[in-house]
Amino acid sequence: MGEMSPLSGMLLLYCADCGKKMYLCRCTTMKQAEYFNCSSYRKNLKRTCTSHQITVIAITAIIQDDLKRTIHFAKNHNEEFLQTLRKDAEAKTKKELKENLREIETSEERIDKLDKIIESLYEDKVTGKISEERYLKMSDTYEAEQATLKERVKTLKAEIEKAKAQDDKILDFMMLIYKYSNFEELTPEILRSFIDKVIVHEKTKVNGHYKQTVEIVYNFVGAIVPTFFDDDYNN
């Protein structure tokens with residue numbers, strides 16, 4: 001069956017349309033290339049998604065080339081690379097902070113309102129306006145909603161703290177760059193170290209030729225804009 005791909009056994013690929021994982025399909029003959037396709041499509045849910053098929057050889061080459069170009073640029077244009085990553089991270093962090101803070105504010109207002117509603121329900125029970133059974137049913141519903149909101153607020157606040165540590169993530173990524181700066185071929189270790197996920201789009205036909213977009217999302221820094229790369233890179 002040939003040499004095993006470094007992507008074998010690693011669930012890094014995701015369908016761009018349905019968001020589900022893409023699974024490796026083993027070839028049944030020596031002439032057939034191994035490939036990945038969307039798990040929704042593979043599970044006979046063909047009405048919900050399409051194949052998004054891409055060969056193991058093609059996706060391995062794409063990832064390896066993108067990673068080598070990223071490392072090349074980072075090493076040869078270190079300051080520019082760092083500044084651009086920090087600028088992009090800051091813009092993303094500001095947007096996320098704004099959205100998270102807005103949701104926290106709305107959730108905390110609802111939590112306070114639920115406190116008042118539950119207190120009012122208790123008073124209605126005491127004065128006989130509602131029955132004990134009705135009180136318990138309604139208060140359980142409101143308390144469950146309140147508990148969910150409190151957990152959500154806790155999660156959002158943790159995400160805010162995580163976002164504030166973005167510069168540390170960039171430095172962690174740079175450490176990986178120098179650790180693997182001279183790699184020749186992809187290995188499972190390199191993939192796990194660098195790649196968060198790979199998003200595969202369906203093929204489209206342009207001017208009689210099929211094209212397929214692949215987005216590579218790196219650990220620590222996310223997707224890296226291709227305009228980083230310069231013309232002096234050679235494989």
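Glu103 sits in the middle ground of solvent exposure in this predicted model: with a relative accessible area of 29%, Glu103 is partly exposed. Its side chain meets that of Arg152 in a salt bridge, with N and O 2.8 Å apart. Glu103 belongs to helix H3 (residues 78-126) and Arg152 to helix H4 (residues 132-164), so this pair ties together parts that are 49 residues apart in sequence. Arg152 also counts as partly exposed, at 32% relative accessibility.

Glu103 and Arg152 are not on their own here, as the structure holds five salt bridges. Another one pairs Lys157 with Glu108, and the closest N and O atoms are 3.4 Å apart. Here Lys157 comes from helix H4 and Glu108 from helix H3, so parts 49 residues apart in sequence are tied together by this pair. As for accessibility, Lys157 comes out at 42%, which makes Lys157 partly exposed. Glu108 has a relative accessible area of 33% and is partly exposed too.

Then there is the pair made by Lys125 and Glu132, whose side chains meet in a salt bridge at 3.2 Å, N to O. Lys125 is partly exposed, with a relative accessible area of 22%. That value puts Lys125 outside the buried class, because buried means under 20% relative accessible area. Its partner Glu132 has a relative accessible area of 43% and is likewise partly exposed.

Conventions: Residues are numbered from 1 along each chain as its sequence is written. This is a predicted model: local features need pLDDT of at least 70, side-chain atom pairs count only at pLDDT 80 or more; totals for chains, interfaces and linings use all residues. Side-chain values use heavy atoms; hydrogens and water are left out. A salt bridge is a side-chain nitrogen of Lys or Arg within 4 Å of a carboxyl oxygen of Asp or Glu. Helices (H or I, at least four residues) and strands (E, at least two) are DSSP runs, numbered from the N terminus. Buried means under 20% relative accessible area, exposed over 50%, partly exposed in between (1.4 Å probe, protein chains only).
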